[in-house]
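User: Hello! I'd love a close look at one part of the structure shown here, with its surroundings filled in afterwards.

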Amino acid sequence: MEAVYIGLGSNLAEPVQQLDAALAALAQLPSTRLIATSAYYSSAPLGPSDQPRFTNAVAHLETNLTPHALLDQLQAIELSQGRQRNSERWGPRTLDLDILLFGKCIINDERLRVPHYHMHARPFVLVPLAELCPADFSLADGRLLADLLRQCPVDPTLQRLHTPQLCTT
């Protein structure tokens, strides 16, 4: 099984409940186990500032799914929770599920980029990811998570909310 880290985010339709429901859905994925989840964090939105704050977390999974099969499953969860895809980048959404890391895979195709293309500059991704990884954790491309955290811009709006109850099967 591959170790996978999924970024979760929501800023519409009760974001905490959206993340809770997403974690429950992740725990039910075929050939997959939900191992751990970070605390939930609140932060100001990227992009347009005239939208609600985001609630974010990271989940650690183990899966036998291929990266693209997992992506299909994640997009199905997003749609089931009211996600509407449009051309607006960084706009409001009920749920966003991103594959941050997939084992030691490096993927760069028209559907998927792993490690996630901009995670190095997002405290709302790196801080919860660091909760789940050992101090010496390295990404598939050789970058150390500790180095990414040190180099990441500080986000004064990032607030730790709470740690959800783990929804494993």
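Which residue forms a salt bridge with Asp96, and how far apart are the closest N and O atoms?

Analyst: Happy to help. The partner of Asp96 is Arg83, and the closest N and O atoms of this salt bridge are 3.1 Å apart. The term covers a side-chain nitrogen of Lys or Arg within 4 Å of a carboxyl oxygen of Asp or Glu. Asp96 belongs to strand E5 and Arg83 to the loop between H2 and E5, so the bridge links distant parts of the chain, 13 residues apart. Helices here are DSSP runs of H or I with at least four residues, strands are E runs with at least two, and both are numbered from the N terminus.

Before going further, a word on where these values come from. This is a predicted model, in which local features need pLDDT of at least 70 and side-chain atom pairs count only at pLDDT 80 or more, while totals for chains, interfaces and linings use all residues. Residues are numbered from 1 along each chain as its sequence is written, and side-chain values use heavy atoms, with hydrogens and water left out.

Back to your pair: Asp96 and Arg83 are both buried, that is, under 20% relative accessible area; exposed is over 50% and partly exposed lies in between, for a 1.4 Å probe and protein chains only. The two also take part in a wider arrangement, a network of salt bridges that links Glu78, Arg83, Arg93 and Asp96. Side chains of opposite charge can pair when their charged atoms come close.

The structure holds 8 salt bridges, and two others are worth a look. Glu131 forms one with Arg160, where the closest N and O atoms are 3.8 Å apart. Since Glu131 lies in helix H3 and Arg160 in strand E8 (residues 159-160), this pair ties together parts that are 29 residues apart in sequence. Glu131 is partly exposed, at 34% relative accessible area. The other is a bridge between Arg150 and Asp147, with a closest N to O distance of 2.2 Å. These two sit 3 residues apart in helix H4, separated by about one helical turn. Arg150 is exposed at 61%, whereas Asp147 is partly exposed at 27%.

The strand that carries Asp96 also brings us to the nonpolar interior. E5 (96-102) is among the elements that each supply at least two residues to the largest nonpolar core, alongside E1, helix H1 (15-27), strand E4 (54-63) and helix H2 (67-80). A core of this kind is a set of buried Ala, Val, Leu, Ile, Met, Phe, Trp, Tyr and Cys residues joined through side-chain atoms within 4.5 Å. The largest has 26 residues, and Ile6, Leu8, Leu26, Leu70, Leu97 and Ile99 have the most contacts inside it. H1 gives the largest share, 5 residues. Leaving aside neighbours within four places in sequence, Leu26 is in contact (heavy atoms within 4.5 Å) with Leu8, Thr32, Ala59, Leu61, Leu74 and Ile77. Another core of 16 residues lies apart from the largest one, and it includes Val58, Leu129, Leu139 and Leu145.

After E5 comes a loop with an interesting lysine. Lys104 is found between E5 and strand E6 (107-108) and is exposed, with a relative accessible area of 55%. Its charged end sits over the ring of Phe137, 5.6 Å from the centre; this label needs NZ of Lys or CZ of Arg within 6 Å of the ring centre and within 35 degrees of the ring normal. Beyond its neighbours within four places in sequence, Lys104 is in contact with Glu2, Ser138, Leu139 and Ala140.

Phe137 also forms an aromatic pair with Tyr5, edge-to-face, at 5.7 Å centre to centre and 75 degrees between the planes. Such pairs are rings of Phe, Tyr and Trp (its six-membered ring) with centres within 6.5 Å, where planes under 30 degrees apart count as stacked, over 60 as edge-to-face and the rest as tilted. Tyr5 lies in strand E1 (residues 2-10) and Phe137 in the loop between helix H3 (123-132) and helix H4 (145-151), so the pair ties together parts that are 132 residues apart in sequence. Both rings belong to buried residues.

Stepping back, the chain has 4 helices and 8 strands, in the order β-α-β-β-β-α-β-β-β-α-α-β. Buried residues make up 46% of its 169 residues.
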